[in-house]
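Student: Please take a close look at one helix-helix contact in this model, covering its geometry and the residues that form it. Please then add a short note on internal cavities.

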Amino acid sequence: MSPAQWDLPPELCCRPMAFVALTGLDVVYNAVHRAIWDAFCANRRADRVPISFKVLPGDHEYPKCRTKRTSYEWYIPKGILKTGWMNKHLNLVPALVVLFYELDWDEPQWKEKQSECATKVEIVRTSLQGRNTKVAVVLIQKKTPLPPGEDVMASERAAALCNACDLSGKSLFVLPHTDHLVGYIIRLENAFYEHAQTYYYTEIRRVKSHKEFLNKTTHQLLFVRHQFKTAFFSELKQDTQNALKYYRAAYSLIHELRTHETNILEIKTMAGFINYKICRLCFQHNTPLDAIAQFRKHIDLCKKKIGSAELAFEHAAWMSKQFQYFGDLFDEAIKLGLTAIQTQNPGFYYQQAAHYAQERKRLAFQLCGGPEANLGYPAPDPLETPTGILDFYGQRAWRQGHQISTCFKLVSQELIIALLSNAVAQFKKYKCPRMKSRLMVQMGEEYYHTKDYAKALKLLDYVMCDYRTERWWGLLTSILGTALRCSYLMAQVKDYVSYSMELVGRASMLREDQKSRIQKNVAKVLKNEPPEAEPDCDPSAVKAAQALWNERGSQASGEDLILEVQDSVPFVQCKARFLHPSFHLDVPVQLHVFLLTDSPHPVRFSKLCVSLSNQDYNQYCVVDSLGQAPAQEDMCLVPGRTHRYSFRFVARPEDVGKKIEITGVDLMLGSENGRCIFLNWRGGGGDAASSHEALQATRSFKRRGRLPENEVDWDTVSIQASTMIISRVPRISVQLHHEPPALNNEMYCMMVTIQSHEDIVARDLKLTAGLKPGQDANLSHTTHVTLDGSKMCDDSHRALLPDIPMGDLQPQEKPLSIRCSTTGPRIFLVHVAYTVDTCIEGRDIVCKCHKDETVTIETVVPFEVAVKFVSTKFEHLEHVFVDVPFLLMTDILSMSPWPLHLVTSELQLAPTMAAVDQPASQVEEVVLQTGESASECFCLTCPPVHHGTTGVASGQYVMSWKRKSANATIPVVNTVITLPHVAVETIPLYVHADLPSFGRVRESLPVKYHIQNRTAIVQEVEMSVEPSDAFMFSGLKQVLVVPLIDTHSVAA
């Protein structure tokens, strides 16, 4: 069968729309008619009614209607559905014929025009003789019509025209050619759509009426045909729900038909048509699960309807098309908004379509014996029909020889590749990487069979990375075999050697004899000789390939090929490592390269070189057998034995603090007389499988046997691709002497002692000391360092003193003074740097050495000062009174772990305070131990304050102190304590008593009370003395006193 026979007819795949024929329009020469036609067909939006318009001449010949059958008694149908039936009702037989005629209601020659219009309508009816097609007339008018009922002449003439043309009033329309033409056209379309609905409803009833004449014995095909026609007319009527119901009924009936060799193809063809319609409508109704269930049911019912064994290839082709079309429907539904998932997407159906296409190719090969087979079918074909089209879908002029003769040449590789490509796109979209890789392999194999080796190689090379990463070695071996054949047939030397090396390696699942053959072919390529042909290659392609290889050999003199083997699994493994993660400048850097081959035969190489990040060292890391440098060992790699190659070099002083990395390892195979192939490993070596193998080795509990002394266990070798060059180990001692913790704001002394143990004089000694960088930024603003400890540090001093020159290194001490203005821990750094001259392996170099010492110093508060106000009787005061003496007391509590020397103290009063006597320090030269305290007491008064003032400042208390252990040069620390504000009150009358210090029993005790008036007015005071059991009183017990303004009165 031809591929076109399995393609669905266009009329089946399109959306069925009502067919309306327009006559009487001259769209070529009449601009008005052209504008009307453009309004009907141009820029049709989705909201307009689904109608298919076509302009036809007035005397167009429509398909003749067959004579209606009155009885089916002796009728035996020849098939299910005629090939032209759907197209006839979509494009040939209209549901409505519309006659356009230019006629205004005020036409002077109305009678003539009316007669002419009636004649044209009669011509249309004659051409539609026997059909139920509706006829309508549209009058094209120049003027806008008046509203219905207002134009009497228009109503009369419309009725007359309907009578003349034998039309109902609903079939006569008026189309004014005005600026609102599109609006009138849309209204006309809606009216046309209603007429078309009526026509298709009539057709459905007509088809259904035949059912009573049918019997299931001889008319089984007609049951299917009528259900299909009813469903199709329902689609034309846009009744998709009923259409789906009728299609389902037709599908059930078609599988009730008795199948035999002559009708099995027709049954499968029609089943495919109806299944397509059902699935399409299910997707359209947004019920994708119903569509999938229907398709699965369809496949289950039809997959075993093969028919003749010789036509199995034809059945496979049909199955392929079923999956392909369902995949297309699924994909179209997704584009319209349906959501698919990873496990249910169109890719699976395209994949199955490709599978059946491949099966078709295989069966065709078996049947025909290959594409060159010729069964001698006669020409011209005696069974060829005159038109090339049979009457019914799925029928054919049967002859077995005809099918066999054409089966193979109709198997298209492009069809298989296109289906696989569609599936790959879907699996990529829904993130199914393994399915995508598998189908890409199949695409590559199809390209190989079509002899498009370049595309095959491109696809296979793309998926190899995935299979290497996931360690599917069996699949990788198969893919590599196909890729090797492609590269051989194209004479691609680089690809051929690369795939050969991987097939010989440890990941390959080939037998030893196959590996041996491939390795020998690689050896021939290195000698500019053509390799032997790969097995299973097309003999004609092998001849062309041999010619290409000979041509390549003649042009390959001195050719160098570079193979990046990091991402493959070659037959040579490489691991490079520095002996240590870091090397001191005065110690030679040592580097080892380990090589191991998995090939059947030994491998000889010509050169081994290591590339480093600093190219100046590359000259020391070369093993060359061509005479440029002496070889360390034999240049032959024995299979299964680990070979080690050692290199060493002296680092340069400018590389101190820098990292040296291995950027690549190159192993050269071949010689200058033939081809040179460089195997390049990036970094320290390894390949696509080595990381997993190293992980497995670390997890393995397998006991390793003892190896000979000179051999190395490959699994125990790890890659160390970088090393750090660090400065020479300093031979000096740095000691820090101090007494922690530091006290807040003191000049903390730290003695730095440096002593040399070098054999030679160390030069250019420099000291960096202070706060270690990288700490809280606020610490750098509150820490100050100086070398002059006799002066107090201020904010101009830095937290870190860099590069203090100290000359040649000799035993010496350097005092360091530190002032911390906030508490908390701080890390201090002492960095001593110097240079020495040394000789390493005959090279004189200048080594810069340095030694760092860090120390963490905690800064604490030296003491706490508590301040309180009390009365002269040492009673606590919440507030003080104007001009009334009170006491200020300070308590100093030592918090220092070291003895504190209080040098002196000073009270600095604010202008709002006054001292009763001259204040002097009461703690001068006092030494406080940890936890001890010292107190001072000062008698003060508060002068009168402004009216409304409630609180006044007291002043400051200044403490001068330092450690008891500090030497005399250390400056004294002055700590300023701000005294608290105090509430002040003014009293109008001040009373105080003069009492003797003691009294005697039974002797008089004189007592004087002083009363002072502190107001601006005269006060009258009444005094009374209350009796007490402990005293006897003499004198007045109640006195009236009038103290004058700001004067004293005395009462005794």
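Tutor: A crossing of two helices is called left-handed if the near helix is turned anticlockwise from the far one by less than a right angle, and right-handed if clockwise. In this predicted model, the crossing of α8 over α9 is left-handed. Helix α8 spans residues 220–236 and helix α9 residues 240–254. Their axes come within 8 Å and cross at roughly 165 degrees. Because angles over 145 degrees count as roughly antiparallel, α8 is roughly antiparallel to α9.

The contact draws on residues from both helices. On the α8 side are Phe-223, Val-224, Gln-227, Phe-228, Thr-230, Ala-231, Phe-232, Ser-234 and Glu-235. These meet Asn-242, Ala-243, Tyr-246, Tyr-247, Ala-249, Ala-250, Leu-253 and Ile-254 of α9. Sorted by class, the residues in this contact are 12 nonpolar, four polar and one charged.

As for internal cavities, the model has six of 30 Å³ or more, and the largest has a volume of about 70 Å³. Its lining consists of Leu-8, Gly-272, Asn-275, Tyr-276, Cys-279, Phe-295, Gln-322, Tyr-325, Phe-326 and Leu-329. The elements that contribute two or more residues to the lining of this largest cavity are α10 (264–284) and α12 (312–335). By class, the lining comprises seven nonpolar and three polar residues, with no charged residue.

Notes
Residues numbered from 1 in each chain as written. Predicted model: local features only at pLDDT ≥ 70, side-chain atom pairs only at ≥ 80, totals over all residues. Heavy atoms only, no water. Axes fitted to C-alpha atoms, helices over the stretch in contact; angles between N-to-C directions. Helix = DSSP H or I, 4+ residues; strand = E, 2+ residues; numbered from the N terminus. Parallel < 35°, antiparallel > 145°, perpendicular 65-115°, else oblique. Contact = heavy atoms within 4.5 Å. Nonpolar A, V, L, I, M, F, W, Y, C, P; charged D, E, K, R; others polar. 1 Å grid on protein atoms, 1.4 Å probe; cavity = no way out; pocket = protein on both sides within 12 Å on 5 of 7 lines; lining within 4 Å. Points joined across faces, edges and corners; volume = space filled by probe spheres on them.
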